[in-house]
Amino acid sequence: MSTSPFKILVLGGAGAQNCAVARELVKNTSFSVTVLSRDIQSKHSQGLATLPGISLLEGDCYDEETLVSAFRGVDGCFVNTNGFAIGEKAEIFWGIRMYEIAYAAGVKHFVYSSLPYVSKKSGFNPKYYVPFVDGKGKVADYLKAQPTDRMNWTLLESGPYAESQLVNSYFPTKDEQGVWVFQNPIGHNGALALVCLQDFGWFARYVFEKPEEFRGDLLSVGIDHVSGTDLARAWSAVTREPSRFEPLDLLEVAKTWPTANIGQDGSPGFNDPTLKNMAGHFVPWFTIWSESGGNKGLWTKDYERLDRIYPERIRTIEQWMRYYDYPSKKGVNVLNSGLGLATFGDPLSKIRCITSLERSNVT
């Protein structure tokens, strides 16, 4: 006697994180996955369409009627809203509204891709206010106040993707002496809580497979808190070539960033003041990481818990470099967000933000 598959709706388009999650979910053949995207002909969407168990649904996840229709007959959902494209105010509204529509539709498990409410942890110090981070943190606080008897909810917390942060933004360059140099603005004592996208997808699948284990719970996923020195040491171990780390001055880097607001013309909240430019997002972002060395500060993770759940996870940046074949990946773009082709701050790059003069089909 066959049983019906557990139907999971993935909201937020076919970007880097959602693609990783969808690919992992269908490794469980009892799951069927529908990805809602505004452009089902995009390269990312079509890549998913080739996989058994994944179907595409064309529509805007920031539209009430589309959401009501998409949630019909759904058992679980994975929600990853795009604060870069829509701004903090719209991200808060739609994160909560998606929960409400899912609840009314009878969804059994609501999994929200979150980030920590960092400025709240700091006593709302504006020095640490990152709009695209705090927006998700505020939605997470809302979910923490909701019951789990009728619809279970789980927060799956991410962070800076290694595949983006180290490939698009801060790939090392070779100096005149033949030494590979890593540069980024986190200082000698800072660290990035980097996330491996494939492992993030694995944990998303596990959360859906073990809903009682994560009922009303938060799981923060990551590789490790990785310093600039860690990056250089790992590179040398993988390539057998010399490497070193040189910290960049954050405020000097910020002067190279465009002043146009990050975002996507036509998205909800595009003209809203909560949609910031790169400095508005990334000066406080890198300030947080500059104070996070040793898994301390405002953005911490329980790596021992991750080890217990998934002993085979990628635990070090050297492991990730070997797994991802990092030395060969310069210039590979994995992001599909309101940042468009922009990097996260390489002062040598020509950074393009999507402005009101541009139209894009990025989802």
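Asp-325 sits in the segment that follows helix α14, which covers residues 317-324. In this predicted model, Asp-325 has a positive phi of about 55 degrees, even though it is not a glycine. To put that in context, most residues other than glycine have a negative phi. As for its surroundings, Asp-325 counts as partly exposed, because its relative accessibility is 40%.

Phe-124 is another residue to look at for its backbone. Its phi is near 60 degrees, again a positive value in a residue other than glycine. You'll find Phe-124 in the loop between α6 (118-121) and α7 (131-144). Is Phe-124 buried or exposed? With a relative accessible area of 51%, Phe-124 is exposed, because the cut-off for that word is over 50%.

Now step back and take in the whole chain. The protein chain has 14 helices and twelve strands. Of its 363 residues, 56% are buried. If you take the contacts between residues at least 6 apart in sequence, 77% of them join residues at least 24 apart. The accessible surface comes to about 15,000 Å², and 50% of that belongs to carbon and sulfur atoms.

Next, let's head inside. The largest nonpolar core has 77 residues, and within it Leu-156 and Trp-320 touch the most other members. Which helix gives this core its largest share? That would be α9 (residues 197-209), with seven residues. Leu-156 has a long list of neighbours beyond four places in sequence, among them Phe-78, Val-111, Phe-200, Phe-203, Val-207 and Leu-219. There is also a second, separate core of 28 residues, including Tyr-62, Phe-71, Ala-85 and Met-98.

Ser-113 is on the contact list of Leu-156 too, and this serine deserves a stop of its own. It lies in strand β5, residues 109-114. Ser-113 is buried because its relative accessible area is 1%, and buried means under 20%. What does the side chain of Ser-113 make a polar contact with? Its partner is the side chain of Gln-17, at 2.5 Å. Gln-17 also appears among the residues that Ser-113 touches, along with Phe-78, Asn-80, Lys-136, Ser-158 and others.

Finally, follow the aromatic rings. The count comes to 32 aromatic pairs. In one of them, Phe-93 and Trp-94 have ring centres 4.9 Å apart and planes at 85 degrees, so the pair is edge-to-face. The two partners are covered to unlike degrees: Phe-93 is partly exposed, at 45% relative accessible area, whereas Trp-94 is buried, at 9%.

Phe-132 and Phe-282 make another pair, with centres 5.8 Å apart and planes at 55 degrees, so this one is tilted. Phe-132 belongs to helix α7 and Phe-282 to helix α12 (residues 278-290), so the pair ties together parts that are 150 residues apart in sequence. Both Phe-132 and Phe-282 are buried. They are also members of one aromatic cluster, which includes Phe-84, Tyr-170, Trp-257, Trp-285 and Trp-299 as well.

One last ring brings us back towards the starting point. Lys-329 lies over the face of Tyr-324, at 4.9 Å from the ring centre.

How values were computed:
Residues numbered from 1 in each chain as written. Predicted model: local features only at pLDDT ≥ 70, side-chain atom pairs only at ≥ 80, totals over all residues. Heavy atoms only, no water. Helix = DSSP H or I, 4+ residues; strand = E, 2+ residues; numbered from the N terminus. Buried < 20%, exposed > 50% of the residue type's maximum accessible area, 1.4 Å probe, protein only. Polar contact = N/O pair within 3.5 Å; in protein donor to acceptor, adjacent residues only side chain to side chain. Contact = heavy atoms within 4.5 Å. Core = buried A, V, L, I, M, F, W, Y, C linked by side-chain atoms within 4.5 Å. Areas by Shrake-Rupley, 256 points an atom, 1.4 Å probe, with all protein chains shown as cover. Phe/Tyr/Trp six-rings, centres within 6.5 Å; stacked < 30°, edge-to-face > 60°. Lys NZ or Arg CZ within 6 Å of the ring centre and 35° of its normal.
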